[in-house]
Each structure stands twice: as C-alpha cells, then as structure tokens.
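Here's a quick tour of a protein chain and the ligand that goes with it. Have a look at the fold first, and then we'll walk through the parts.

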Amino acid sequence: MVRRFVKEGGTCIDATAGRGYDTAFLCSLVGDGGKVLAFDIQQEALDSTARLLKERGLKATLLHASHADLAQYVQPESVDCVMFNLGYLPKGDHSVYTRFESTAKGIESGLYALKKGGLISVCVYYGGDSGYEERDALIPYLRSLDDSKYQVLMTTFLNWKKDPPFPVFIIKL
Ligand SMILES: C[S@@+](CC[C@H](N)C(=O)[O-])C[C@H]1O[C@@H](n2cnc3c(N)ncnc32)[C@H](O)[C@@H]1O
C-alpha cells in the first residue's frame, strides 16, 4: 500500500522509528533525492535505526522527539506518507509503548503535514501486556475523522492466531 503512495524524490515520516526497518523501507522508496524524518522517544531506538541505515547506506533525519510534536518539523501539505507502527520497541523495554493521547496528536499533525492524496498508515499492535487501551480509543477516534476530507480503511488478518495487528490507512482527499 505504502509503495503505491511514495515515489522517488518524495518526503516521508516514520513516526515510530523503533529498530529502523520502516525508516529504511521509506528511504529506499524515496531514493537519494527524497527526504525521510524518523521520530522516536527512545535513544536506544534511534541508535538502532542509525546503525541499520549506516549498514544499508541510507540517510534519514532522526529526531529524539514525540510524534505528537511532528507539526513543528514539517510544512503543511508537504509529506507523501506518514507511518506509525504502534506498540513497544521490539526486544526493548515493554514499559515504554505508544499511547492513545500522543498517537492521536501525531495522527492529527500527520494529517496537517500530508499532501492531498497522501497516506497515513497505522499498524495497530496490541496483545500480551499492552496496547488494548490504545486500540479501544483509536477506533472511535478514526471513525470520527471527517469523511469529506479523509478516507479511512481498517483491515484485518482474519485467520491469524492470537492478537493480530490491524493495519489502518488514512488517505487525505
Ligand atoms: C513497534 S515499535 C516501531 C517499530 C519500527 N517501526 C521498526 O521498523 O522497527 C514502536 C516504537 O514507538 C516508539 N514510541 C512510543 N511512543 C512514541 C511517541 N510518542 N513518539 C515517537 N515514538 C514513540 C517506541 O519507543 C518504539 O520504539
């Protein structure tokens, strides 16, 4: 889905850098002429991301900041895609994870930053020891987005066991 919305030379935001795999993916899509900003509130995540980018010869601007403050770093209607992968840092501290309040502010800011025709993808992870409250608050919030401005799609892995994540796509009309 993200590949369809991001072209070479584009601008993307990874709102939850984590171990850097999504940042690296976005960098590979925009190429040398593009721009990727990656946010995380944990230095460990940014260090991991920096290492992965170096290994792969890629470049992004890494920001030790909450995605709730994303609007401070970008111009309105300048971004092609914003990715959120919710939850905690894989193989990291399970007590630090995304929370509804900052995620909703991040999505609001992402919508402001997004070009018309751009995409926000949110992969909602829950299960084990966290994520249920965020999931339960996010669904009504996403449902409330103005349907004359945004198309919101929620998808499900119907046959996955346990608590499968669900991807949500918001397209700015
Ligand atoms: C599931 S991980 C992201 C995985 C990552 N995209 C990857 O490719 O490895 C979620 C990350 O969100 C970060 N996070 C939690 N709250 C945040 C916030 N308010 N702003 C930015 N990052 C946040 C966590 O520190 C964690 O590293």
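A residue is called buried here if 20 or more other C-beta atoms lie within 10 Å of its own. Keep in mind that this is a predicted model. Now take Cys 81, which sits in strand β4. Cys 81 has 26 C-beta neighbours inside 10 Å, so it counts as buried. Who is it packed against? Leaving out neighbours within four places in sequence, the contacts of Cys 81 are Val 2, Phe 5, Val 6, Cys 12, Gly 118 and Leu 119. For a sense of spacing, Thr 61 is 20 residues away from Cys 81 in sequence, and their C-alpha atoms are 15 Å apart.

**The chain as a whole**

Stepping back, the protein chain has five helices and seven strands. Going along the sequence, they come in the order α-β-α-β-α-β-β-α-β-α-β-β. The radius of gyration is 15 Å, close to the 16 Å that the globule rule gives for 173 residues, so the chain is as compact as a globular protein of that length. If you want a box for it, the C-alpha atoms fill one of roughly 40 × 40 × 30 Å along the principal axes. As for burial, 39% of the 173 residues count as buried. Among contacts with a separation of 6 or more, 70% are between residues 24 or more positions apart.

**How the strands pair**

Here are three of the strand pairings, side by side.

| Strands | Sense | Bridges |
|---|---|---|
| β2 and β3 (residues 61-64) | parallel | four bridges |
| β4 (residues 79-85) and β5 (residues 114-124) | parallel | six bridges |
| β5 and β7 (residues 166-172) | antiparallel | six bridges |

You can pick out individual partners too. Asp 40 has His 64 in β3 as its bridge partner. To get from β2 to β3, the chain goes through helix α3 (residues 43-56), and this β-α-β crossover is right-handed. Over in the β4 pairing, Asn 85 stands opposite Cys 123 in β5. β4 and β5 also belong to a right-handed β-α-β unit, with helix α4 (residues 100-113) as its helix. On the antiparallel side, Leu 119 is opposite Ile 171 in β7; Leu 119 is also one of the contacts of Cys 81.

**Around the ligand**

How many residues surround the ligand? The count is 23, and the closest are Thr 16, Gly 18, Arg 19, Tyr 21 and Leu 89. By type, the shell splits into 10 nonpolar, 10 polar and three charged residues. Two elements, α2 (21-30) and β2 (35-40), each give at least two residues to the shell.

α2 deserves a second look. Which of its residues are buried? They are Asp 22, Thr 23, Ala 24, Leu 26, Cys 27 and Val 30. The cover over these buried residues includes β1 (11-14), β2, α3 and β4. So far as the elements above go, β2 turns up in the cover over α2, in the ligand shell and in the parallel pairing with β3. Right after α2 comes Gly 31, which has a positive phi, near 70 degrees.

Note on methods:
Residues are numbered from 1 along each chain as its sequence is written. This is a predicted model: local features need pLDDT of at least 70, side-chain atom pairs count only at pLDDT 80 or more; totals for chains, interfaces and linings use all residues. A residue is near a molecule or strand if its C-beta atom, placed from the backbone, lies within 6 Å of it. Ala, Val, Leu, Ile, Met, Phe, Trp, Tyr, Cys and Pro count as nonpolar, Asp, Glu, Lys and Arg as charged, and the others, Gly among them, as polar. Two strands pair if DSSP finds at least two bridges between them. A crossover is right-handed if, with the strands pointing away from the viewer, the path from the first strand over the helix to the second runs clockwise. The radius of gyration is taken over C-alpha atoms; the globule rule is 2.2 Å times the number of residues to the power 0.38. A residue is buried if 20 or more other C-beta atoms lie within 10 Å of its own, exposed if 12 or fewer, and partly exposed in between; C-beta atoms are placed from the backbone. Two residues are in contact if their C-beta atoms, placed from the backbone, lie within 7 Å.
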